[in-house]
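Could you walk me through this protein, step by step, with the model open beside the text? I would like to know how its parts sit against each other.

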Amino acid sequence: MRLRNLIILTVIAPLFLVLLIFSLVAIKSLEDNVRSRLEREVQVITNVIGTTLSHSLSRDAAEPLEESLYSAFSFHRIYGAYVFDPNGQEIYGLGLGQALFSPQVIRDVAEHREMRAAYREHEGWHYYSVLKPLTSPTGEVHGVLQVNRLNTGIENYTGVLSQLALLAFIIGASGIVFGIWWGFRRHIERPLERLLAVMQRVEEGDRRQRAVVEGPQEYKRLATALNGMLDAMVEKDADIEARRRKEIELEKRLRKSKKLAELGVLAAGVAHEIGAPLTVINGQAQRLSRRERIGDDERARLGRIRGEVERIVEIVRQLMELGRRHNVEKAPLSLSELVNTSCSLVEEDLEQNAIDLELDLPSPTPELLANGQQLVQVLTNLLRNAAQAKGVSRVRITCRHDDSWLTLWVEDDGPGIAAENQSRVFDPFFTTKPVGQGSGLGLSMVHRIINDHGGTVGVFDSELGGAGFEVGLPLNDTALGGVAK
């Protein structure tokens with residue numbers, strides 16, 4: 001059942017029923033009161049006239065009898081007065097309603113010597129009539145007086161008034177019910193329907209829907225609460241979506257780490273097998289270069305051979321480091337000390353290429369539990385990559401942290417990294433540098449070190465226009481996989 005109908009049936013209808021009963025009782029009381037006054041008035045008039053008439057009948061004088069009857073008409077709404085003998089025969093009478101009572105009734109009144117009253121209708125007129133026995137001083141009944149009062153006043157219309165009151169009550173009650181229904185419809189039901197429509201559209205998937213805050217105070221509060229709930233749902237959905245994307249990204253990085261670990265193991269095995277022959281080649285070249293019989297040109301060639309062998313040895317060392325799982329020895333480390341040390345190591349590269357270095361670090365800088373030497377290697381590799389990129393004039397290091405997680409961003413304004421290469425930058429031997437200028441192992445080492453620290457590393461397009469690297473590190477051993485904002 002609808003709320004408005006329920007209110008009408010359980011509240012309004014019982015209230016109107018009580019009012020109707022009260023009104024009918026009041027009208028009935030009014031009618032009884034009017035009738036009671038009418039009866040008392042007629043009885044008093046009858047008693048007054050009866051006393052005079054009793055004396056007139058005792059003297060058998062017609063003139064006093066006529067005067068007494070005429071005097072009855074001076075009273076309000078007395079329209080008939082008659083005198084009958086004890087046998088019911090009329091002696092004298094004036095006005096209307098002579099035949100209201102039969103002779104037998106008149107005889108009964110004379111016989112029993114008691115007053116009798118009744119409502120009578122005659123020829124379309126309504127009367128209240130009183131019969132009073134007329135007695136002599138000795139107690140003998142000489143006749144019966146009949147006094148008729150015509151019901152032409154309000155007492156004659158009490159029934160009509162009751163009907164009119166009932167009709168007015170029905171019309172008024174109908175108007176009130178309609179007013180309540182219209183007010184309920186306008187100020188309660190329609191706002192609730194608008195709220196319901198908003199919730200239905202939200203249920204269908206449109207989370208942008210909001211309720212209009214207008215109308216009664218209660219509706220405004222309800223609409224405001226609904227909008228707040230929807231805003232909270234949107235924020236929660238956004239947070240869930242961000243976490244989902246972060247989980248997807250972490251999963252990708254995990255697969256990347258696993259892939260790099262497998263490649264590192266393979267590379268380490270190959271490097272181990274290559275290391276011994278390289279040592280032999282380097283030793284033989286060194287011995288040949290010491291002989292006096294060879295010329296300067298041959299000695300220079302041998303020096304170049306040794307340089308390339310040393311370069312290969314360094315690559316082999318990096319490969320072995322890449323494939324080895326390290327138990328990182330950690331110690332408390334100041335972030336500012338880490339950054340300053342790394343910047344000093346690449347200061348010459350930055351100055352040669354006229355690159356401005358910007359630092360955006362929190363104050364005071366946090367301390368983290370890490371291996372300082374390895375993190376310095378991470379930052380120097382990232383800074384050198386930025387310094388060696390073409391067209392770079394600006395490098396920026398930014399840091400943010402919360403209670404358990406630190407995030408570093410290293411960005412430049414160079415040409416950046418192509419989208420198709422961003423997923424491969426941490427692969428061993430992948431490089432965009434010319435042949436002979438890069439081994440392709442620097443970023444792989446960065447990934448391995450950060451992974452050993454329980455952190456994350458990724459690449460993105462910087463707002464400066466070039467490449468950006470995001471490094472996430474736990475501030476302690478219990479904080480893993482967090483995100484600093």
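What follows is a short tour of this predicted model, from the overall make-up to single residues.

Let's begin with the whole chain. The protein has 10 helices and 12 strands. Of its 485 residues, 36% are buried. Contacts across the chain matter for the picture too: among contacts with a separation of 6 or more, 63% are between residues 24 or more positions apart.

A good place to start looking is helix α3, residues 103–112. Its buried residues are V105, I106, V109 and A110. These residues are on the same side of α3, because they span an arc of only 140 degrees around the axis. The spacing fits a general rule: an α-helix has 3.6 residues a turn, so residues three or four places apart point the same way. What lies over that buried side? The cover includes the strands β1 (78–84), β3 (116–122), β4 (125–135) and β5 (141–150). Just past the end of α3, R113 has a positive phi of about 55 degrees.

One of those covering strands, β5, deserves a visit of its own, since Q146 is located there. Is Q146 buried or exposed? Its relative accessible area is 0%, so Q146 is buried. Its side chain still has a polar partner, as the side chains of Q146 and N148 are joined by a polar contact of 3.0 Å. Beyond its neighbours within four places in sequence, Q146 is in contact with a set of residues including G80, A81, Y82 and F84. Others on that list are G97, Q98, L100 and F101, along with S129, V130 and L131.

Now move further along the chain to helix α7, residues 335–345. Here the buried residues are L335, L338, V339, S342 and C343. Viewed down the axis of α7, they fall within an arc of 125 degrees, so they line one face of the helix.

Helix α10, residues 442–452, gives another picture: 9 of its 11 residues are buried, so the helix is largely enclosed by the rest of the structure. The buried ones are L443, S444, M445, V446, H447, R448, I449, I450 and D452. Notice that this list includes H447, R448 and D452. Just after α10, G454 takes a positive phi of about 75 degrees.

L338 of α7 and I450 of α10 turn up together around an internal space. How many cavities of 30 Å³ or more does the model have? The count is 1, and the volume of this cavity is about 40 Å³. Its lining is made up of L338, L375, V378, L379, L408, I450, V471 and L473. Two elements give two or more residues each to that lining, namely α9 (372–388) and β12 (467–474). The largest share, 3 residues, comes from α9. As for chemistry, the lining has 8 nonpolar residues, with no polar and no charged ones.

Strand β12 also holds G472. With a relative accessibility of 2%, G472 counts as buried. Leaving out residues up to four places away in sequence, G472 touches W405, L406, T407, I450, G455 and T456. The C-alpha atoms of G472 and W409 are 8.8 Å apart, although the two residues are separated by 63 residues along the chain.

T407 is also touched by T398, a residue of strand β9 (394–401). T398 is buried, with a relative accessible area of 10%. Not counting residues up to four places away in sequence, the other residues that T398 touches are D360, L408, W409 and E411.

The last stop is D413, in the loop between β10 (405–412) and α10. At 22% relative accessibility, D413 counts as partly exposed. Which groups does its side chain reach? The side chain of D413 makes a polar contact of 2.8 Å with the side chain of S393, and it reaches the backbone nitrogen of R394 at 3.1 Å. Apart from neighbours within four places in sequence, D413 is in contact with G391, V392, S393, R394, L464 and G466. For L464, the C-alpha atoms lie 4.9 Å apart, with the two positions 51 residues apart along the chain.

Conventions:
Residues are numbered from 1 along each chain as its sequence is written. This is a predicted model: local features need pLDDT of at least 70, side-chain atom pairs count only at pLDDT 80 or more; totals for chains, interfaces and linings use all residues. Side-chain values use heavy atoms; hydrogens and water are left out. Buried means under 20% relative accessible area, exposed over 50%, partly exposed in between (1.4 Å probe, protein chains only). Helices (H or I, at least four residues) and strands (E, at least two) are DSSP runs, numbered from the N terminus. The arc is that of the directions from the helix axis to the C-beta atoms. Contact means heavy atoms within 4.5 Å. On a 1 Å grid over the protein atoms alone, a cavity is a set of points where a 1.4 Å probe fits but cannot get out, and a pocket is an open set with protein on both sides within 12 Å along at least five of seven lines; lining residues have an atom within 4 Å of a point. Grid points are joined across faces, edges and corners, and a volume is the space filled by probe spheres set on the points. Ala, Val, Leu, Ile, Met, Phe, Trp, Tyr, Cys and Pro count as nonpolar, Asp, Glu, Lys and Arg as charged, and the others, Gly among them, as polar. A polar contact is a pair of N or O atoms within 3.5 Å; within protein, one must be able to donate a hydrogen and the other to accept it, and residues adjacent in sequence count only if both atoms are side-chain atoms.
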